[in-house]
Every structure is written in structure tokens, then in C-alpha cells.
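Hi everyone, thanks for coming. Today I'd like to walk you through the pockets of one protein, and then stop at a single residue. Let me put it up on the screen.

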Amino acid sequence: SSWSVNSSGNVQHGPILDRWQGATVSSAMPASDGRVYLGAKATDNGDGTWHYEFALYNRDNNRGTSRLRIPVSVGASITNPGMKDLDGDPFNDWTYQSGQGEVSWSTSAIPQPWNTIYNFWFDCDVPPAANQGVTIGFFSSAGLGEQVLTSNLAPVDPTPVTYCQGKQNSLGCVPFISGTGVPSVSSTAPFFVRAGDVVPNEAGFVIYGLNGRLNLNFHNGKLCVKAPFERLLPPKNAGNTGAPPCSGELSVNFNNRIQSGIDPALMAGQRVNVQWRFRDPALNDGFGDGLTNGLEFFIAP
């Protein structure tokens, strides 16, 4: 038979998190499983820091959630992190970690069951930015699967930042990377990722990854992008073989890649790390290639 529901009065249909005033709420539903919602709210502490609260609501997902990853600006100060599950036992709380541009909580043994809400929080000296990609991990016997929710708050400075170290080239210069413009899924303006002080008239390519920074010894230089990564092949650089010696420049409009749809992971809120690699045949080190430092940015709506 059927139930008769009286919906008169102040009735609001939907998940309970929609009643959290001032919070942003987004949702995910992995293939062949139930729904998960994430609410986020930031409050100004009045002392140059903000208090961030996250409510992870597993409405009816059978596998259960087992990880929450929140992007933060590298160099941000994170204090007072914590979480609450359904009991008072601190020994089965999820494990907290910070670094590499994010904070996270995870478990490998006790996933969040359906029809429950877990609470996560921290303070940070970076103000909230909207439309950031917060990642939820799902538990299964085969391992952890993840899904990015893009409509969330997170302490992210949208300004691209450089890190790592470029490799000195055969002309005695250290090539460098820079970003000009705003990486965006919708803007018609370009976002140029450039390499300067490179060997003129040599080909190069961009590598980019979505798993954070790296500072690994590679070909007598540093590999600055954590694998797995993709490659972009722009035109050969148009440097001047005259003075100054390091006049070569490589450039690519990364917004073309974002908006092409070739890589669906390049969505609003996603963190991206990039580095240039180029030919340097006169460099007598057994490798004959050059490397810039790294660039990290977050994709805007």
C-alpha cells in the first residue's frame, strides 16, 4: 500500500544539510551506488584566520566513504584540525594528514556507513575560495575510489605559484616557468604557461599532473610533477640565436586544454602542477634536455 504524507507548513524536501544556514552543499553518486553529500562553511575568526567546518553525509552509499581531501594553498598555516564520527572512541577516528597542498582524513578499515554524518574541521590563515574541488574517497574491497566535488569552499589562493628548481642549460642560464592569466573552464581569455631562458629554436613540451608537487632528482635536474602526468606539445620555440644567449621562449595556452574536453579531470577546483621539458643537445651531461621549475595552480569556474 502507500503512505500519506502531510506536507503542510514549513517543509523542505532534500538532504538535511540543506538546512545548514550559510553552508555550501554539493553531492556525488558513484556509478551503481548511493548518494553522498558534503556541506562546507567558513567563519571569520577576526584574527586573520578562518574556521572551516565540513559535514560529510553518507545518505545511502553502500560502500561507505573512507577519505576526505581538501585543497589548501601551499604554505598555509593549518591549526586545530579534528573530526567526529558516531562514537567517542578516538582510536577508530580517521587518520589526519597535511602537506602537498591539501589536508585529508582517511581510513583503511572502518568506512563511514550510510545514513550518517561525520564532521571535520580546522583553522587556516587563508580565506575561503568558492568552487574548489574537494575529493571524497569510497571504500571497497578492491581499494579506494575517489570523486571530486567542485562546488565547495576551501582555503585556496587562486594565484599560480612556482616551486622546485630549474636545471641549468648549456648556455649557463636556469630556465623558469610562469603563468599569465586565469586558468578557467569558461573564460575566453587565455592562460599562458611559459618557459623563459631556454635554448633558442629547440622543441619542448609541457608535462602536467593532478597529484601534487614533486622534487625528485631527474636527468641532473629536478622532476617537479608527481606521476601520472600528461604531455602537451606546443610549436617549436622562436628564440633569437643572437644576444642575449638565453632568448628562447616556449608558451602554451593551457585554457585550450582545459576547455577542449580531452581531459575530463581538468574541472573547476582541480589543482594542476606543470613543468616544461625541452631539448638541449649541446648540454654534455648524457641526457641533452632541459627542465624548468614547477608551477601550481587551481582551475577557476
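How do the residues lining the second largest pocket divide into nonpolar, polar and charged? There are no nonpolar ones, seven polar and five charged. Before we go on, please keep in mind that this is a predicted model.

So who are these residues? The lining is made up of Arg67, Arg69, Gln97, Ser98, Gly99, Gln100, Glu102, Ser104, Ser106, Asn211, Lys226 and Arg271. At least two of the lining residues come from each of E4, strand E6 (95-99) and strand E7 (102-106). The volume of this second largest pocket is about 200 Å³.

Now over to the largest pocket, with a volume of about 290 Å³. Its lining has 16 residues, and those nearest the centre are Arg69, Thr135, Val148, Leu210 and Gln270. Two or more lining residues are given by each of strand E4 (65-71), strand E9 (129-138) and strand E10 (145-154). By class, we have five nonpolar, seven polar and four charged residues here. If you are following on the screen, look for Arg69: this residue lines the second largest pocket, and Arg69 is also listed in the lining of the largest pocket.

One last stop, Asn92. You'll find Asn92 in the loop between strand E5 (78-84) and E6. Is Asn92 buried or exposed? Its relative accessible area is 19%, under the 20% cut-off, so Asn92 counts as buried. And what does Asn92 touch, leaving aside neighbours within four places in sequence? The contacts are Asp85, Asp87 and Ile110.

Notes
Residues are numbered from 1 along each chain as its sequence is written. This is a predicted model: local features need pLDDT of at least 70, side-chain atom pairs count only at pLDDT 80 or more; totals for chains, interfaces and linings use all residues. Side-chain values use heavy atoms; hydrogens and water are left out. On a 1 Å grid over the protein atoms alone, a cavity is a set of points where a 1.4 Å probe fits but cannot get out, and a pocket is an open set with protein on both sides within 12 Å along at least five of seven lines; lining residues have an atom within 4 Å of a point. Grid points are joined across faces, edges and corners, and a volume is the space filled by probe spheres set on the points. Helices (H or I, at least four residues) and strands (E, at least two) are DSSP runs, numbered from the N terminus. Ala, Val, Leu, Ile, Met, Phe, Trp, Tyr, Cys and Pro count as nonpolar, Asp, Glu, Lys and Arg as charged, and the others, Gly among them, as polar. Buried means under 20% relative accessible area, exposed over 50%, partly exposed in between (1.4 Å probe, protein chains only). Contact means heavy atoms within 4.5 Å.
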